[in-house]
Amino acid sequence: ERIQIAAQGQRCKHFQCFDLETYVTYSISRQTWNCPVCSNPVPFTELCRVPDFQKLLEKFPNTKTVICNPDGTFEPHEAEAQAKYERKLEQKRKLLK
């Protein structure tokens, strides 16, 4: 399912987020509080919302995966969008030669 509320552990070093409600529900039922991405302990008191990621969710409401381009821009992960970005990047490279 798509993330509704983006969260991470305070000590997590990765960029990827997880859904807060799903994490809490799972952790309570299993009585284990480990990050689903890196497996480090993330007790309830160390959960953090991630506002920047939340903004991406709002910007792309119908997209499950978003690409973070090397130039810092974001776009939906769709084959067509990725191909368009790669074409633009190739054109820029040719201009720089």
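## The two sides of helix 1

In this predicted model, one side of helix 1 carries the exposed residues Glu21, Thr22, Thr25, Ser29 and Arg30. Turn the helix around and you meet its buried residues: Leu20, Tyr23, Val24 and Ser27, within a helix that runs over residues 20-30. These four span an arc of only 95° around the axis, so they sit on the same side of helix 1. Their cover includes strand 1, strand 2 and strand 3.

Both ends of the helix are worth a look. At its start, a side-chain oxygen of aspartate 19 comes to within 3.5 Å of the backbone nitrogen of glutamate 21. After helix 1 comes glutamine 31, with a positive phi near 55°.

## The sheet

Three strands form an open sheet in the order 2-1-3, paired antiparallel. Strand 2 and strand 3 (47-49) are the edge strands, each pairing on one side only.

Strand 1 and strand 2 run antiparallel and are joined by two bridges. Here aspartate 19 appears again, as the bridge partner of alanine 6 in strand 2.

## Histidine 14 and its loop

Between strand 1 (6-9) and strand 2 (18-19) lies the loop that holds histidine 14. Within this part of the chain, a polar side-chain atom of histidine 14 is 2.9 Å from the backbone oxygen of glutamine 16.

Leaving aside residues up to four places away in sequence, histidine 14 touches Gln8, Cys35, Val37 and Cys38. As for leucine 56, which is 42 residues away along the chain, its C-alpha atom is separated from that of histidine 14 by 17 Å.

Technical notes
Residues numbered from 1 in each chain as written. Predicted model: local features only at pLDDT ≥ 70, side-chain atom pairs only at ≥ 80, totals over all residues. Heavy atoms only, no water. Contact = heavy atoms within 4.5 Å. Polar contact = N/O pair within 3.5 Å; in protein donor to acceptor, adjacent residues only side chain to side chain. Pairing = 2+ DSSP bridges. Buried < 20%, exposed > 50% of the residue type's maximum accessible area, 1.4 Å probe, protein only. Arc of directions from axis to C-beta.
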